[in-house]
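Got your viewer open and your mouse ready? Let's take a walk through this chain, one selection at a time.

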Amino acid sequence: QVQLVESGGGVVQAGGSLRLSCAASGRTVSSYTMGWFRQAPGKEREFVAAIRPSGSRMTYADSVKSRFTVSRDNAKNTVYLQMNSLKPEDTAVYSCAAQYFSSSKYNYWGQGTQVTVSS
(Lines give C-alpha, C1' and ligand atoms only; values in the text may rest on other atoms or scores of the structure.)
Protein backbone atom coordinates (compact mmCIF):
# COMPACT_ATOMS: atom_id res chain seq x y z
CA GLN A 1 0.00 0.00 0.00
CA VAL A 2 1.04 3.54 -0.69
CA GLN A 3 -0.15 6.50 1.32
CA LEU A 4 -0.01 9.93 -0.27
CA VAL A 5 -0.25 13.17 1.65
CA GLU A 6 -0.40 16.54 -0.08
CA SER A 7 0.64 19.83 1.46
CA GLY A 8 1.39 23.38 0.45
CA GLY A 9 -2.05 24.58 -0.54
CA GLY A 10 -3.45 27.90 0.57
CA VAL A 11 -4.82 31.23 -0.53
CA VAL A 12 -2.83 33.33 -2.98
CA GLN A 13 -3.53 36.36 -5.12
CA ALA A 14 -3.73 36.07 -8.88
CA GLY A 15 -0.25 36.12 -10.36
CA GLY A 16 1.25 34.52 -7.29
CA SER A 17 2.92 31.17 -6.78
CA LEU A 18 2.53 28.07 -4.66
CA ARG A 19 4.50 24.87 -4.38
CA LEU A 20 2.60 21.71 -3.58
CA SER A 21 4.24 18.62 -2.16
CA CYS A 22 3.08 15.03 -2.20
CA ALA A 23 4.83 12.81 0.31
CA ALA A 24 4.53 9.07 -0.19
CA SER A 25 4.87 6.43 2.49
CA GLY A 26 4.37 2.70 2.78
CA ARG A 27 6.67 1.89 -0.09
CA THR A 28 8.96 3.68 -2.47
CA VAL A 29 7.26 5.29 -5.45
CA SER A 30 10.36 5.39 -7.61
CA SER A 31 8.71 2.91 -10.00
CA TYR A 32 5.47 4.85 -10.19
CA THR A 33 4.31 7.56 -12.52
CA MET A 34 3.12 10.34 -10.27
CA GLY A 35 0.27 12.56 -11.30
CA TRP A 36 -1.42 15.72 -10.11
CA PHE A 37 -5.12 16.25 -10.59
CA ARG A 38 -7.53 18.95 -9.51
CA GLN A 39 -11.23 19.31 -8.93
CA ALA A 40 -13.05 22.61 -8.74
CA PRO A 41 -16.49 22.94 -7.13
CA GLY A 42 -19.19 21.59 -9.42
CA LYS A 43 -16.67 20.28 -11.93
CA GLU A 44 -15.18 16.92 -12.70
CA ARG A 45 -11.68 16.04 -11.68
CA GLU A 46 -9.14 16.93 -14.34
CA PHE A 47 -5.57 15.99 -15.09
CA VAL A 48 -2.95 18.63 -14.35
CA ALA A 49 0.50 17.07 -14.76
CA ALA A 50 2.41 13.81 -14.51
CA ILE A 51 6.00 12.71 -14.24
CA ARG A 52 7.46 9.35 -15.19
CA PRO A 53 9.41 7.23 -12.65
CA SER A 54 12.81 8.39 -13.84
CA GLY A 55 11.71 12.00 -13.95
CA SER A 56 12.81 12.24 -17.55
CA ARG A 57 9.37 12.89 -19.03
CA MET A 58 6.64 15.22 -17.86
CA THR A 59 3.21 15.88 -19.33
CA TYR A 60 0.92 18.81 -18.67
CA ALA A 61 -2.61 19.88 -19.32
CA ASP A 62 -2.75 22.67 -21.89
CA SER A 63 -4.27 24.99 -19.30
CA VAL A 64 -1.17 24.88 -17.10
CA LYS A 65 1.66 24.49 -19.61
CA SER A 66 4.45 27.04 -19.11
CA ARG A 67 3.04 27.97 -15.70
CA PHE A 68 3.26 24.74 -13.69
CA THR A 69 6.25 22.43 -13.26
CA VAL A 70 6.12 18.90 -11.88
CA SER A 71 9.23 17.36 -10.35
CA ARG A 72 10.16 14.51 -8.06
CA ASP A 73 12.79 13.56 -5.54
CA ASN A 74 12.85 9.78 -5.39
CA ALA A 75 15.30 9.85 -2.50
CA LYS A 76 12.66 11.71 -0.47
CA ASN A 77 9.75 9.77 -1.96
CA THR A 78 8.16 13.11 -2.74
CA VAL A 79 6.66 14.79 -5.78
CA TYR A 80 6.22 18.53 -6.23
CA LEU A 81 4.06 20.85 -8.27
CA GLN A 82 5.40 24.36 -8.67
CA MET A 83 2.59 26.66 -9.71
CA ASN A 84 3.40 30.12 -11.03
CA SER A 85 1.28 32.90 -12.51
CA LEU A 86 -1.76 31.51 -10.78
CA LYS A 87 -5.20 32.45 -12.03
CA PRO A 88 -8.58 32.39 -10.27
CA GLU A 89 -9.57 29.48 -12.52
CA ASP A 90 -6.79 27.42 -10.92
CA THR A 91 -8.82 27.35 -7.71
CA ALA A 92 -9.47 23.70 -6.85
CA VAL A 93 -8.58 20.82 -4.58
CA TYR A 94 -5.32 19.40 -5.87
CA SER A 95 -4.58 15.72 -5.38
CA CYS A 96 -1.63 13.56 -6.23
CA ALA A 97 -1.84 9.99 -7.43
CA ALA A 98 0.50 7.10 -8.09
CA GLN A 99 0.40 4.74 -11.05
CA TYR A 100 2.55 1.63 -11.04
CA PHE A 101 4.51 1.36 -14.28
CA SER A 102 2.63 -1.76 -15.43
CA SER A 103 -0.80 -0.44 -14.49
CA SER A 104 -3.28 1.25 -16.81
CA LYS A 105 -4.74 3.44 -14.08
CA TYR A 106 -3.72 5.38 -11.04
CA ASN A 107 -3.62 2.98 -8.11
CA TYR A 108 -3.32 5.30 -5.11
CA TRP A 109 -4.71 8.74 -4.35
CA GLY A 110 -4.12 11.39 -1.74
CA GLN A 111 -6.84 13.36 0.04
CA GLY A 112 -5.96 16.62 -1.62
CA THR A 113 -5.03 20.15 -0.64
CA GLN A 114 -7.09 23.27 -1.31
CA VAL A 115 -5.69 25.98 -3.55
CA THR A 116 -7.61 29.24 -3.72
CA VAL A 117 -6.58 32.03 -6.06
CA SER A 118 -8.19 35.39 -5.42
CA SER A 119 -8.63 38.01 -8.11
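What follows is a tour of a predicted model, with a few stops to click on.

**Stop 1: the open sheet**

Start by colouring strands 1, 3, 8 and 7. These four strands make an open sheet, lined up in the order 1-3-8-7, and their pairing is antiparallel. Look at the two edges: strand 1 (3-7) and strand 7 each have a single partner strand, so one side of each is left without a neighbour in the sheet. On average, neighbouring strands here are turned by 15 degrees against each other, direction ignored.

Now zoom in on strand 7 and strand 8. They run antiparallel and are joined by six bridges. Want one pair to click on? Pick Arg-72, and you'll find its bridge partner, Val-79, in strand 8.

**Stop 2: two hairpins**

Next, select strand 4 and strand 5. They pair in the antiparallel sense, with five bridges between them. Phe-37 is a good residue to show here: its bridge partner in strand 5 is Phe-47. Then follow the backbone around the turn. This hairpin has six residues between its strands, and Gly-42 takes a positive phi near 75 degrees.

Keep strand 5 selected and add strand 6 (residues 58-60). This pair is antiparallel too, over three bridges. Show Ala-50, and opposite it in strand 6 stands Thr-59. Which residue takes a positive phi in the hairpin of strand 5 and strand 6? Click on Gly-55: its phi is near 80 degrees, in a hairpin with six residues between the strands.

**Stop 3: the nonpolar core**

Time to look inside. In soluble globular proteins, nonpolar side chains tend to be buried together. Here, the largest nonpolar core has 30 residues. Show Leu-4, Met-34, Trp-36, Leu-81, Met-83 and Tyr-94 as sticks, as they have the most contacts inside this core. Among the elements that give two or more residues to the core are strand 3 (18-25), strand 4 (32-39), strand 8 (78-83) and strand 9 (92-100).

Now centre the view on Leu-81. Ignoring its neighbours within four places in sequence, Leu-81 is in contact with residues including Leu-18, Leu-20, Trp-36, Val-48, Phe-68, Val-70 and Tyr-94.

**Stop 4: the charged pairs**

How many salt bridges does the structure hold? There are four. Begin with Arg-38 and Asp-90, whose side chains meet in a salt bridge at 2.9 Å, N to O. Arg-38 sits in strand 4 and Asp-90 in the loop between strand 8 and strand 9, so this pair ties together parts that are 52 residues apart in sequence. Are these two buried or exposed? Arg-38 is buried, and Asp-90 is buried as well.

Stay on Asp-90 and add Arg-67. Their side chains also meet in a salt bridge, at 2.7 Å, N to O. This pair links distant parts of the chain: Arg-67 is in the loop between strand 6 and strand 7, while Asp-90 is in the loop between strand 8 and strand 9, 23 residues apart. Arg-67 is buried. Add Glu-46 to your selection and you have the whole group: Arg-38, Glu-46, Arg-67 and Asp-90 are linked in a network of salt bridges.

For the last click, select Lys-65 and Asp-62. Their side chains form a salt bridge at 3.3 Å, N to O. Lys-65 is partly exposed, with a relative accessible area of 44%, and Asp-62 is exposed, with a relative accessible area of 66%.

Terms used
Residues are numbered from 1 along each chain as its sequence is written. This is a predicted model: local features need pLDDT of at least 70, side-chain atom pairs count only at pLDDT 80 or more; totals for chains, interfaces and linings use all residues. Side-chain values use heavy atoms; hydrogens and water are left out. A nonpolar core is a set of buried Ala, Val, Leu, Ile, Met, Phe, Trp, Tyr and Cys residues joined through side-chain atoms within 4.5 Å. Buried means under 20% relative accessible area, exposed over 50%, partly exposed in between (1.4 Å probe, protein chains only). Contact means heavy atoms within 4.5 Å. Two strands pair if DSSP finds at least two bridges between them. Axes are lines fitted to C-alpha atoms, for helices over the stretch in contact, and angles run from 0 to 180 degrees between N-to-C directions.
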